[in-house]
Structure formats: C-alpha cells, structure tokens
Amino acid sequence: MTIRPNAPMPDSIRHFMRAGQHPARSVACPHCEAAAHRPCRVKSSGRTLPDIHPARRTVWAETTACCPHCQVAPGTPCHTDGIPLPDQVHARRYLEAEEMAA
C-alpha cells in the first residue's frame with residue numbers, strides 16, 4: 001500500500017477528523033471573511049478567536065438544515081408570514097443543524 005500525503009479526503013470524513021471544532025467552520029464566515037475550515041478572526045488585529053461569529057453559525061444552519069418552524073429547505077432563508085428574516089434563522093433550525101452534525 002502506498003501512502004499519499006496529499007490524497008483528497010471526502011468532506012464527510014474531514015469533519016470527523018476535525019474533532020473539537022464547531023461544524024459551522026465548514027462554511028466561510030461572512031463577518032470576518034475567514035475561509036471554510038479556518039478560525040474566525042478579529043478584523044482589526046487579525047487575532048484568532050476561540051469561538052465562531054454568530055453570523056457564521058447562522059449561515060451554516062441555513063445551508064445545512066431544514067427549518068422545522070417555517071418548513072423551508074436547506075439554502076432557503078427562514079421567513080415569518082412570507083417575509084424573510086434578515087440575517088437570522090429560527091432557533092429550531094439551529095437545533096436541527098446540530099442534530100444533523102452529530
């Protein structure tokens with residue numbers, strides 16, 4: 001068997017190998033513009049944050065989970081009476097995304 005150090009790794013395995021990191025790091029951060037799988041940073045100083053920005057968690061929940069509250073598919077923003085929620089999702093969608101990631 002040949003060991004290839006640069007062999008591609010499927011995303012499903014990559015998430016399990018990154019134990020201890022929040023699954024929301026799989027998407028880019030809209031707040032600090034950190035790339036996917038990179039930690040969030042403070043824009044002014046470049047200091048790495050120990051946690052992720054709430055905006056990143058929102059984007060992750062929106063792209064990965066269906067919302068049980070307003071019944072929208074992944075990738076579709078949550079809404080209230082047909083009016084999209086600005087830059088936020090329902091709390092139940094966060095729970096759904098976390099259950100899917102576990």
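How many salt bridges does the count come to? Just one, as it turns out. The model here is a predicted one, and that single salt bridge pairs arginine 57 with aspartate 51. Their closest N and O atoms sit 3.7 Å apart, which falls inside the 4 Å cut-off for a salt bridge. Neither partner is buried: arginine 57 has a relative accessibility of 22%, so it counts as partly exposed, and aspartate 51, at 44%, is partly exposed too.

Arginine 57 also turns up in a helix contact. Helix H2 (residues 54–64) packs against helix H3 (residues 91–101) at an angle of about 75 degrees, and their axes are 9 Å apart. Angles of 65 to 115 degrees count as roughly perpendicular, so that is the label for H2 relative to H3. On the H2 side, the contact is made by Arg57, Thr58, Trp60, Ala61, Glu62 and Thr64. H3 brings in Arg93, Tyr94, Ala97, Glu98, Met100 and Ala101. Sorted by character, the residues of this contact come out as six nonpolar, four charged and two polar.

As for the chain as a whole, its secondary structure amounts to three helices and two strands, arranged along the sequence as α-α-β-β-α. The protein chain has 102 residues, and 25% of them count as buried. The accessible surface comes to about 7100 Å², with 56% of that belonging to carbon and sulfur atoms. Among contacts with a separation of 6 or more, 38% link residues 24 or more positions apart.

Note on methods
Residues numbered from 1 in each chain as written. Predicted model: local features only at pLDDT ≥ 70, side-chain atom pairs only at ≥ 80, totals over all residues. Heavy atoms only, no water. Axes fitted to C-alpha atoms, helices over the stretch in contact; angles between N-to-C directions. Helix = DSSP H or I, 4+ residues; strand = E, 2+ residues; numbered from the N terminus. Parallel < 35°, antiparallel > 145°, perpendicular 65-115°, else oblique. Contact = heavy atoms within 4.5 Å. Nonpolar A, V, L, I, M, F, W, Y, C, P; charged D, E, K, R; others polar. Salt bridge = Lys/Arg side-chain N within 4 Å of Asp/Glu carboxyl O. Buried < 20%, exposed > 50% of the residue type's maximum accessible area, 1.4 Å probe, protein only. Areas by Shrake-Rupley, 256 points an atom, 1.4 Å probe, with all protein chains shown as cover.
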